[in-house]
Amino acid sequence: MRRINIKLIIYTMAATPTRIGLAGLAVMGQNLALNIAEKGFPISVYNRTTSKVDETVERAKKEGNLPLYGFHDPESFVLSIQKPRVIIILVKAGAPVDQTIKTLSSYMEKGDCIIDGGNEWYENTERREKEVAELGLLYLGMGVSGGEEGARNGPSLMPGGSFEAYKNIEDILLKVAAQVPDSGPCVTYIGKGGSGNFVKMVHNGIEYGDMQLIAEAYDVLKSVGKLSNDELHQAFSEWNKGELLSFLIEITADIFGIKDDKADGYLVDKVLDKTGMKGTGKWTVQQAAELSVAAPTIASSLDSRFLSGLKDERVQAAKVFKSCGVSDILVEQSVDKKQLIDDVRKALYASKICSYAQGMNLIRAKSAEKGWGLKLGELARIWKGGCIIRAIFLDRIKQAYDRNADLANLLVDEEFAKEVVERQSAWRRVVCLAINSGISTPGMSSSLAYFDTYRRERLPANLVQAQRDYFGAHTYERADLSGSFHTEWFKIAKQSKI
């Protein structure tokens with residue numbers, strides 16, 4: 001009886017239809033709902049675990065009596081929203097999304113709209129858009145980036161799918177999204193089908209690369225340069241005032257300054273060196289392979305997470321190689337800390353250019369395949385605020401695509417090309433120092449290899465293709481003649497040995 005009374009009281013409060021609904025009240029869902037309410041849009045919320053509903057309603061009261069109304073059953077929730085209804089779903093990707101759609105759609109009407117705000121595989125979004133269309137419903141797959149803080153105060157939003165559905169919610173998204181001076185709200189209609197989810201997926205892949213590169217900068221400075229946590233905090237704080245100004249550099253500086261509340265020392269040193277993941281990085285690398293787009297920086301970041309997960313094996317391997325005379329640091333080197341910090345900064349920036357270039361090329365390739373017509377400069381603009389990879393660096397990327405929307409690669413933009421060339425000596429010094437010290441820098445190393453491969457007019461690929469023709473008769477093209485050729489390599493080689 002008590003639960004029924006709570007539900008009736010909440011429903012009475014929402015007697016006037018609300019503007020929008022949100023189902024799924026985990027961390028992201030709660031905070032996005034409160035953000036929407038705070039921007040002046042009355043919102044209905046629902047969750048299968050009813051305690052989450054009550055918790056969200058209570059938060060809304062404490063955070064300013066926000067116009068947020070909770071419901072314990074799906075029918076009352078759906079019927080409380082004004083027509084045409086717009087409902088955001090924020091539940092775990094996969095089957096839970098399908099089940100939530102099935103539950104809610106049974107109470108929805110033609111012209112209503114469902115928006116999936118989770119990290120969903122883009123093809124699932126395209127399937128669901130077709131399925132709900134048969135019910136007369138509209139569908140959007142919307143990437144939401146920014147974590148808990150972003151969802152509450154202004155995320156970067158990447159909606160793709162039905163343009164009609166987008167127009168139904170555009171007024172809300174423009175106010176809820178992060179606001180960047182001189183750039184506007186960090187939201188735009190991405191494109192048709194699963195484009196919103198695909199762009200968010202690649203955003204996360206770039207994020208993987210960014211985090212790996214920062215971790216490598218930390219490793220070189222700490223393991224080779226012997227910087228203390230205080231010195232690391234100072235270095236990253238200083239970096240955050242210049243070309244590397246970004247959310248990830250900012251929080252990294254913060255991390256180095258936080259003491260352990262359970263023991264002596266700094267908390268970062270007590271965190272287990274084992275990185276988790278949820279799948280979007282893996283999807284990004286898989287799509288790069290499917291589309292034949294080189295993305296070595298992003299791929300190396302994924303490999304690094306796989307290897308970090310082998311903690312027990314690495315502990316045993318360290319013992320084996322130590323017994324063979326190989327220590328953790330191969331060569332203790334005397335370095336100029338000030339020079340090293342500057343070199344690592346330059347190496348990090350140059351590597352980041354390569355990582356973003358790879359991500360943008362992947363998005364462009366998928367856009368071409370699907371006919372989405374994505375605008376890369378506009379994507380850089382909406383990533384400037386709210387999201388995890390937000391950085392001043394994105395201004396430069398937007399400007400590059402504004403100068404040339406058909407830019408083949410960020411590396412050949414006049415401004416970026418100049419910056420990479422100016423930093424390449426420091427970049428090479430850092431990678432060489434790490435290699436000689438036995439410190440792995442897969443992100444920086446693969447970024448440098450990507451740059452060196454891309455900038456060269458001729459590669460040793462001619463030998464690889466000759467090998468393929470030798471053992472598999474795959475043919476080859478010539479540099480001096482047009483057409484396709486095959487050589488009886490084995491016969492010629494055999495005769496030459498007689």
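Two strands pair if DSSP finds at least two bridges between them. Strands (E, at least two residues) and helices (H or I, at least four) are DSSP runs, numbered from the N terminus.

Before you click around, know that this is a predicted model, where local features need pLDDT of at least 70, side-chain atom pairs count only at pLDDT 80 or more, and totals for chains, interfaces and linings use all residues. Residues are numbered from 1 along each chain as its sequence is written, and side-chain values use heavy atoms, leaving out hydrogens and water.

**Stop 1: strand β1**

Select residues 20-23, which are β1. Ile 20 and Leu 22 point one way, Gly 21 and Ala 23 point the other way, and all are buried (under 20% relative accessible area; exposed is over 50% and partly exposed is in between, with a 1.4 Å probe and protein chains only). That fits a general pattern: in a regular strand the side chains alternate between the two faces of the sheet.

Now add β2, residues 43-46. β1 and β2 run parallel, joined by four bridges; look for Ile 20 with its bridge partner Ile 43. To get from β1 to β2, the chain goes through α2, in a right-handed β-α-β crossover (with the strands pointing away from you, the path from the first strand over the helix to the second runs clockwise). On to β4: it pairs with β1 in the parallel sense over three bridges, and Gly 21 has Ile 87 as its bridge partner there.

**Stop 2: out to β3**

Select residues 68-71 for β3. Are its two faces covered or not? Both are covered: Leu 68 and Gly 70 on one side, Tyr 69 and Phe 71 on the other, are all buried. β3 pairs with β2 in the parallel sense, over four bridges, and Tyr 69 is the bridge partner of Ser 44. Show α3 (residues 50-62) too, and you have a right-handed β-α-β unit made of β2, α3 and β3.

**Stop 3: the whole sheet**

Light up every strand of the open, seven-stranded sheet: the order is β3-β2-β1-β4-β5-β6-β7, with mixed pairing. Which strands stand at the edges? They are β3 and β7 (156-161), each with a single partner strand, so one side of each has no neighbour in the sheet. From one strand to the next, the twist averages 25° (angles run from 0 to 180 degrees between N-to-C directions, and axes are lines fitted to C-alpha atoms, for helices over the stretch in contact).

Then add α5 (residues 95-105), lying across β1, β4, β5 and β6 and running at about 155° to β4.

**Stop 4: two helices meet**

Show α2 (residues 27-38) with α3: their axes come within 11 Å and cross at roughly 35°. Gln 30, Asn 31 and Leu 34 in α2 meet Lys 52, Glu 55, Thr 56, Arg 59 and Ala 60 in α3 (contact means heavy atoms within 4.5 Å).

**Stop 5: further along the chain**

Jump to Asp 210 in helix α9 (residues 195-224). Is Asp 210 buried or exposed? With a relative accessible area of 3%, Asp 210 is buried. Not counting residues up to four places away in sequence, Asp 210 touches Leu 248, Lys 352, Ser 355, Tyr 356 and Ile 389.

Last, pick Ser 496 in helix α21 (residues 489-497). Ser 496 counts as exposed, at 57% relative accessibility. Draw a line from Ser 496 back to Arg 59: they are 437 residues apart in sequence and 83 Å apart in space, C-alpha to C-alpha.
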